[in-house]
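Open the model in a viewer and keep the sequence panel beside it. The stops below go from one selection to the next.

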Amino acid sequence: MTSPLSGIAASTGIAIAKAFRLENPELTVEQQQVGNPAEEIARFDEAVAQAAAELEIIQQKTAQQISDKEAAIFGAHLLVLSDPELIGPIKERISAESVNAEFTLQETSDMFITMFEAMDNEYMKERAADIKDVRKRLLSHLLGVKIQDPSMIDEEVIVIAEDLTPSDTVQLNAQFVKGFITDIGGRTSHSAILARTLEIPAVVGAQNAMATIRNGQTVIIDGLAGKIIVDPDAATIQQFEQEKLAYDAQKAEWAKLKDEPTISADGQHVELAANIGTPKDLAGVLEHGAEGIGLYRTEFLYMGRDTFPTEDEQFDAYSKVLKGMDGKPTVVRTLDIGGDKELTYLDLPKEMNPFLGLRAIRLCLEMPELFRTQLRALLRASVHGNLKIMFPMIATLEEFRQGKALLEEEKAKLTDAGIPVSDSIEVGIMVEIPSTAVMADVFAKEVDFFSIGTNDLIQYTMAADRMNERVSYLYQPFNPAILRLVKMVIDAAHKEGKWAGMCGEMAGDDIAIPILLGLGLDEFSMSASSVLKARAQINRLSKQEMASHIDQILALSSSQEVEAYVKGIS
Amino acid sequence: MVEKQYTITDEAGIHARPASALVGSISKFQSDITLGFNGKHVNLKSILGVMSLGIASGSTVTIAADGTDEEQAMSKIDEVLKAEGISNQ
């Protein structure tokens with residue numbers, strides 16, 4: 001047994017399976033003369049045929065297991081593979097110069113890649129990546145190097161990778177992929193969030209997994225502790241099999257709480273809600289017994305496509321979610337894009353500090369037509385459920401007033417046109433900028449609710465980029481500075497008879513929950529898979545008792561002290 | 001040879017999905033088919049060629065087909081341009 005590896009616990013659970021390394025092989029190409037160009041062309045044709053056959057299977061599997069939309073990318077790859085302007089010149093050159101196919105492919109495709117990369121349009125630049133992808137596939141066949149596609153996995157494995165790209169993750173099938181380990185990434189990285197959605201254990205940021213783990217080795221992932229064990233002995237396997245049983249049993253126990261309300265030990269009710277990205281996530285929300293949706297991230301509607309979603313497309317998505325929630329509260333966050341979250345078809349200038357730049361509500365107010373389309377779709381959908389609209393990244397009251405004015409204008413237009421709109425839509429804001437937390441008492445007079453977005457609130461308060469691993473020690477949810485801001489927001493809401501929720505990762509954290517309960521938080525919104533665990537925890541806690549500790553907790557001097565204190569009382 | 005001009009009405013210009021549909025639908029024709037825009041001409045059977053022109057909404061393009069099945073090819077192109085919402089004329 002080799003020494004254990006560790007990383008960041010990104011998704012809970014225990015998995016034991018063989019390792020499957022998702023390699024990104026280095027494909028080196030050298031120029032060589034060939035004796036028989038006709039044979040070389042035949043070899044090239046064979047590689048094209050193999051690559052095409054492979055792409056057709058991947059396209060089919062992706063369409064079956066994921067969606068037609070995700071499969072379309074492979075259709076585009078097939079067209080590149082049969083492009084006469086790419087394939088023709090390659091064959092001509094092999095024939096004219098008696099050079100090897102690999103080299104000719106490299107040179108000819110480089111020409112196109114350079115051309116697309118030079119275009120001043122993000123969308124076209126991305127097409128260069130498609131050509132590279134196809135070239136990699138072709139080269140791998142010519143060189144006899146195997147590249148792997150996650151969709152081809154057909155036995156139970158734990159995937160080990162440097163990182164998982166969104167195009168890798170769309171191909172992961174939870175039936176076979178029992179868990180994954182990546183060398184880079186954090187708890188809020190794309191792959192970590194996906195693991196929680198698929199409910200498979202994952203450890204990210206493991207650093208040395210690719211360097212250490214070989215294909216086919218047995219691997220244990222402990223997604224609770226963020227530990228990885230390679231080549232365990234029989235006793236260790238047995239121990240983890242038991243832990244897995246215990247974990248599964250506990251999960252079954254939590255499942256009994258599915259239709260129960262969330263009541264603290266002293267009889268106080270709080271609302272446990274779930275965060276979602278698309279209507280597809282609804283099933284998980286209902287399965288885990290969430291009492292509402294505390295954050296519907298609408299930006300996913302805008303991503304992975306060529307053009308803005310139309311008003312009708314948005315209306316369909318919002319209506320589906322509202323109908324599915326059947327009258328339960330549903331908080332929809334308006335478009336949070338810009339900065340680090342780019343849309344290929346929206347050509348925005350690069351920024352030095354994307355997290356501090358033109359994004360979210362700032363971008364929506366700068367491009368009001370874009371915003372109005374979303375607001376109209378939301379207003380039209382409002383009659384299908386209990387809609388609450390939330391503006392992200394609000395820094396000043398003026399921004400809220402402007403956003404709300406646009407909403408009121410669109411509402412009046414729809415009503416004039418005889419289109420029904422609900423008249424009980426609450427309009428609130430995300431609190432993720434310290435200025436807004438500090439001014440919460442003033443905001444509370446005008447907004448209907450607050451939802452604290454902790455991921456950003458922490459990074460802006462601590463001035464620490466959450467994507468930068470070198471300052472990740474400053475990502476401190478329990479720093480008393482953060483807790484004091486959270487208290488200001490909750491108190492301000494209650495003083496005006498409004499409610500306060502939280503929709504960051506922190507809301508589902510078992511150290512944070514006792515504090516938030518004591519602070520009087522009304523709504524906790526988290527990954528759907530955390531809801532039942534949180535409900536079981538709140539059932540055991542007395543809100544009044546937790547409240548009695550708050551003054552002491554807020555007077556502590558560090559995040560570590562707060563963690564230690566909470567562990568002592570709960 | 002037959003030749004026809006079109007104005008691109010898709011608000012996003014000619015982008016990947018409709019371009020794929022167009023290129024995919026004419027690959028079976030024998031005729032040489034070109035797409036002309038801004039003085040440049042590319043093979044309409046080449047997805048990379050079509051995309052490389054970066055054609056924006058409102059542009060006028062010329063499509064020409066030359067060969068034994070040029071008429072059939074042109075009517076297919078007409079049909080796909082309309083069906084995909086690339087051009088309505």
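Among contacts in chain B between residues at least 6 apart in sequence, what percentage join residues at least 24 apart? Select chain B: the share is 71%. The model is predicted, which applies to every stop of this tour.

Stay on chain B and colour by secondary structure. Three helices and four strands appear, and from the N terminus on they follow the order β-α-β-β-α-β-α. Chain B has 89 residues, of which 37% count as buried.

Next, show chain A as well and select the contact between the two chains. Chain B contributes 16 residues and chain A contributes 19 residues. On the chain B side, pick out helix H1 (16-26) and helix H2 (47-52), each of which supplies at least two of the residues that touch chain A. Coloured by class, this side of chain B shows six nonpolar, eight polar and two charged residues.

Now hide chain B and turn to the sheet of chain A. It is an open sheet of eight strands with mixed pairing, and reading across it gives the order E1-E8-E7-E3-E4-E5-E6-E2. Which strands are at the edges? Select residues 5-6 for strand E1 and residues 8-11 for strand E2 of chain A; each of these pairs on one side only.

From E1(A), move to strand E8 of chain A, residues 227-230. The two strands run antiparallel and are joined by two bridges. To see one partnership, select A:Leu5 and its bridge partner in E8(A), A:Ile228. Then add helix H9 of chain A, residues 234-255, which packs on the sheet. H9(A) touches strand E3 (14-22), strand E7 (218-222) and E8 of chain A, and its direction makes about 115° with that of E3(A).

The last stop is a helix pair in chain A. Select helix H3 (residues 84-97) and helix H4 (residues 101-117) of chain A. Their axes come within 9 Å and cross at roughly 140°. How are H3(A) and H4(A) oriented to each other? An angle over 145 degrees would count as roughly antiparallel; H3(A) and H4(A) are therefore oblique. Their crossing is right-handed.

Show side chains at this contact. From H3(A), display A:Leu86, A:Pro89, A:Ile90, A:Arg93 and A:Ile94; these meet A:Ala101, A:Thr104, A:Leu105, A:Thr108, A:Ser109 and A:Phe112 of H4(A). By class, the residues of this contact are seven nonpolar, three polar and one charged.

Conventions:
Residues numbered from 1 in each chain as written. Chains lettered and ligands numbered in written order. Predicted model: local features only at pLDDT ≥ 70, side-chain atom pairs only at ≥ 80, totals over all residues. Pairing = 2+ DSSP bridges. Contact = placed C-beta atoms within 7 Å. Axes fitted to C-alpha atoms, helices over the stretch in contact; angles between N-to-C directions. Parallel < 35°, antiparallel > 145°, perpendicular 65-115°, else oblique. Left-handed = near helix turned anticlockwise from the far one by under 90°. Nonpolar A, V, L, I, M, F, W, Y, C, P; charged D, E, K, R; others polar. Buried ≥ 20, exposed ≤ 12 C-beta atoms within 10 Å, placed from the backbone.
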